[in-house]
Amino acid sequence: MTVIIAAKKEDEIIVGADKRVTSGDMILDENASKIIIKEFTIENIIEPIKRDEFLIAFSGVYSLFELLKIYKPPTMNYNDTFYKYLHQDLIPSLNAYLRKYNFIQDCNGVDGVDWELLLVYQDKMYSIEYNLGIIEITSDYFASGTARDIAYGND
């Protein structure tokens, strides 16, 4: 039962995740990371190349997370916002990468991925849905995964 939580206070975001990986009733790992930092390059013709990073918190099929660990994000144009970068560069690149490894599936006529992702960049949070749709999270608290209702305090 995976849970990813994030809480925002002013311009800081704290992210947490459980560490257990299961397959049915079997526990495969008690100490698995479900959060990674991905480095990407910001390129500008005038200034030197700059490196930055964003955080990914993951819930879903764990083999997908293992694939995300070796994924190299594309370069971002210096003039773009991170939101524009997500739509124009990161998600299309991720889509092609996942198709290469046959992780894009048909879910009732819609191509999708068996995951929920939380991306954190600077003071912003983004949810990447199964269909690779992007939602900017504007609330101060976010939870995803199969235990999200527990994290939100629902019965």
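**Charged side-chain pairs in the predicted model**

Glu-116 is partly exposed, its relative accessible area being 27%. In this predicted model, the side chain of Glu-116 forms a salt bridge with that of Arg-148, with a nitrogen-to-oxygen distance of 2.7 Å. Because Glu-116 belongs to strand 10 (residues 115–121) and Arg-148 to helix 3 (residues 148–152), the pair ties together parts that are 32 residues apart in sequence. Arg-148 is likewise assigned to the partly exposed class, at 30% relative accessibility.

The pairing of Glu-116 with Arg-148 is one of the salt bridges of the model; a search of the whole structure returns eight. Side chains of opposite charge can pair when their charged atoms come close.

A further salt bridge joins the side chains of Arg-99 and Asp-111, the N to O distance being 2.7 Å. Arg-99 is located in helix 2 (residues 82–100) and Asp-111 in strand 9 (residues 110–112), so this pair ties together parts that are twelve residues apart in sequence. Both partners fall in the partly exposed class: Arg-99 has a relative accessibility of 40%, and Asp-111 has a relative accessibility of 39%.

The side chains of Lys-84 and Asp-80 also meet in a salt bridge, with 3.4 Å between N and O. Here the two partners are assigned to separate accessibility classes. Lys-84, at 37% relative accessibility, counts as partly exposed. Asp-80 has a relative accessibility of 14% and therefore counts as buried, since the buried class comprises residues under 20%.

Polar contacts were also examined around Asp-18, a residue in the loop between strand 2 (12–17) and strand 3 (21–23). The relative accessibility of Asp-18 is 17%, so this loop residue is classed as buried. Its side chain makes a polar contact with the side chain of Lys-34 at 2.8 Å. A polar atom of the Asp-18 side chain also lies 3.3 Å from the backbone nitrogen of Arg-20. The side chain of Asp-18 is thus placed beside a side-chain partner, Lys-34, and a backbone partner, the nitrogen of Arg-20.

Methods
Residues are numbered from 1 along each chain as its sequence is written. This is a predicted model: local features need pLDDT of at least 70, side-chain atom pairs count only at pLDDT 80 or more; totals for chains, interfaces and linings use all residues. Side-chain values use heavy atoms; hydrogens and water are left out. Helices (H or I, at least four residues) and strands (E, at least two) are DSSP runs, numbered from the N terminus. Buried means under 20% relative accessible area, exposed over 50%, partly exposed in between (1.4 Å probe, protein chains only). A polar contact is a pair of N or O atoms within 3.5 Å; within protein, one must be able to donate a hydrogen and the other to accept it, and residues adjacent in sequence count only if both atoms are side-chain atoms. A salt bridge is a side-chain nitrogen of Lys or Arg within 4 Å of a carboxyl oxygen of Asp or Glu.
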